[in-house]
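Visitor: Hey, I've got a protein to look at and I'm not sure where to begin. Can you walk me through it?

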Amino acid sequence: TISFENPSGAASAAGTAAGGRKGAPFRMIDAGETVTLADIDGPGTVRHMWCTVPPMRPEVLRSLVLEVFYDGADAPSVSVPLPDFYGAVHGRPVPYASALQSTPEGRGYNSWIPMPFRRHLRIELRNASARSVQLYHQIDLTLGPVADDSGILHATFRRENPTELRRDFTIADGFTGPGRFLGCNVGVRVFHEPSWFSWYGEGEVKMYLDGETTPTWCGTGLEDYVGTAYGMGAHQTAYQGASLVLREPGSSAPNPDLVSFYRWHLPDPIVFERSLRVTIQQIGAILLPAGSDELKAEIDAAGIVCGTGWTHVGRDGVEWFAIAERVDDYCATAYAYLRDVQGGAPGGVAAATA
């Protein structure tokens, strides 16, 4: 186990500070400081990572950036805001548990995603905020052979605020195979204007494998990718769920303000030989009651209706239905196992907090 009590992870060297009476369980990380959490020769595999920081504003929490360097590489193979790496999207920790991550009581961050390394591992945390932060951490690992065909964990972070109309948001791209897409968490800050939309999540998730221009893998909608249907409330399962669906108190808007969802491709692996690109469309649903002819004409004039156009419903208080292009604030952390170590993971603090 590596911690501030035993930063080298050496045998029989833990818990010695202050005579073994809990002398160094945490460190204060100064504004602008980068601290090394692990620096160890391999081969080996990280089995579990845990950390915690005090409650703080989302923009401060997201200014803590976790980076992982393998085998002496200068560029990180993991570069993700700390909360997003652990599934606490938008910098808003909530109680969360899945097959690979958990945030018990919204306070402690856990990852059981295996992280093999062959020659060397260095894990760093960069505090890009303007304040000092108290950090507790623990990394549990085993040292021993790593198979030649064992994948090495990579993780990237992206954000677009706002997305571009009719251009799908990229969840994952730039991974060079062979490899396996492990999964992702995605955050949406839902825009309430224009107010035509009664639902934000009609967009399809698409996966382009090995240079495809037309995908083989295409889902049927945002909530369908998460395994639910006809809208999406907060829920959690081992492989998929929506850990955060937040609406401001007293809001009468049809859509929530903040949403985050996750999907792990464990029993349904996504593998690729050369390349991978994963995207999600920004498409919503419009339901118009009778007597909305002027509004329907306004929407048509905006040129955003897509799919098969308007459908006449004429029941349950709904006269017309359509899906339409929209823009929102999207972010995503993508996880992949790759045969070869690759650095230069896109992301960064500016992208997280913009």
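Guide: Sure, we'll chat about salt bridges, cysteines, a sheet and cavities, and keep in mind that this is a predicted model.

Visitor: Okay, how many salt bridges are there?
Guide: The count comes to 16 salt bridges.

Visitor: Pick one for me. What does Asp84 pair up with?
Guide: The side chain of Asp84 meets that of Arg62 in a salt bridge, at 2.8 Å from N to O. The pair links distant parts of the chain, 22 residues apart. Asp84 belongs to helix α2 (residues 82-85), and Arg62 is in the loop between α1 (58-61) and β5 (64-70).

Visitor: Are those two buried or exposed?
Guide: Buried. Asp84 has a relative accessible area of 0%, and Arg62 counts as buried at 5%.

Visitor: What about Arg107 and Glu105, buried or exposed?
Guide: Exposed this time: Arg107 is at 51% relative accessibility, and Glu105 has a relative accessible area of 56%. These two also form a salt bridge, with their closest N and O atoms 2.9 Å apart.

Visitor: Where do Lys296 and Asp300 lie?
Guide: Both are in helix α4 (residues 293-302), four residues apart, which is about one turn of the helix. They form a salt bridge too, and the closest N and O atoms are 3.8 Å apart. Lys296 is buried at 17%, while Asp300 is partly exposed at 35%.

Visitor: And which residues do shared partners join into one network?
Guide: That would be Arg159, Arg189 and Asp329, joined by salt bridges that share partners.

Visitor: New topic. How many disulfides does the structure hold?
Guide: Zero.

Visitor: Why no bond for Cys51?
Guide: Because the closest cysteine sulfur, in Cys331, is 18 Å from the sulfur of Cys51, and that is too far for a bond. Cys51 is buried, by the way, with a relative accessible area of 5%.

Visitor: Then which cysteine sulfur is closest to Cys331?
Guide: The one in Cys184, but at 11 Å it's too far for a bond. Cys331 counts as buried as well, at 3% relative accessibility.

Visitor: Let's switch to strands. In what order do the four strands of the open sheet go?
Guide: The order is β14-β22-β16-β17, with antiparallel pairing. β14 (169-176) and β17 (217-218) are at the edges with a single partner strand each, so one side of each has no neighbour in the sheet.

Visitor: How many bridges do β16 and β22 pair over?
Guide: Five, in the antiparallel sense, between β16 (residues 205-209) and β22 (residues 275-280). For Tyr208, the bridge partner in β22 is Arg277.

Visitor: Last thing, how many cavities of 30 Å³ or more does the search find?
Guide: Two in the whole structure. The largest holds about 60 Å³ of space, and the second largest about 30 Å³.

Visitor: What lines the largest cavity?
Guide: The lining includes Cys51, which came up earlier, along with Trp50, Leu66 and His137. β12 gives the largest share, four residues. By type, the lining divides into nine nonpolar, two polar and no charged residues.

Visitor: And which strand gives the most to the lining of the second largest cavity?
Guide: That's β20 (residues 258-264), with three residues. Among the residues lining the second largest cavity are Gly87, Tyr96, Asn185 and Phe261. This lining divides into four nonpolar, four polar and no charged residues.

How values were computed:
Residues numbered from 1 in each chain as written. Predicted model: local features only at pLDDT ≥ 70, side-chain atom pairs only at ≥ 80, totals over all residues. Heavy atoms only, no water. Salt bridge = Lys/Arg side-chain N within 4 Å of Asp/Glu carboxyl O. Helix = DSSP H or I, 4+ residues; strand = E, 2+ residues; numbered from the N terminus. Buried < 20%, exposed > 50% of the residue type's maximum accessible area, 1.4 Å probe, protein only. Disulfide = S-S within 2.5 Å. Pairing = 2+ DSSP bridges. 1 Å grid on protein atoms, 1.4 Å probe; cavity = no way out; pocket = protein on both sides within 12 Å on 5 of 7 lines; lining within 4 Å. Points joined across faces, edges and corners; volume = space filled by probe spheres on them. Nonpolar A, V, L, I, M, F, W, Y, C, P; charged D, E, K, R; others polar.
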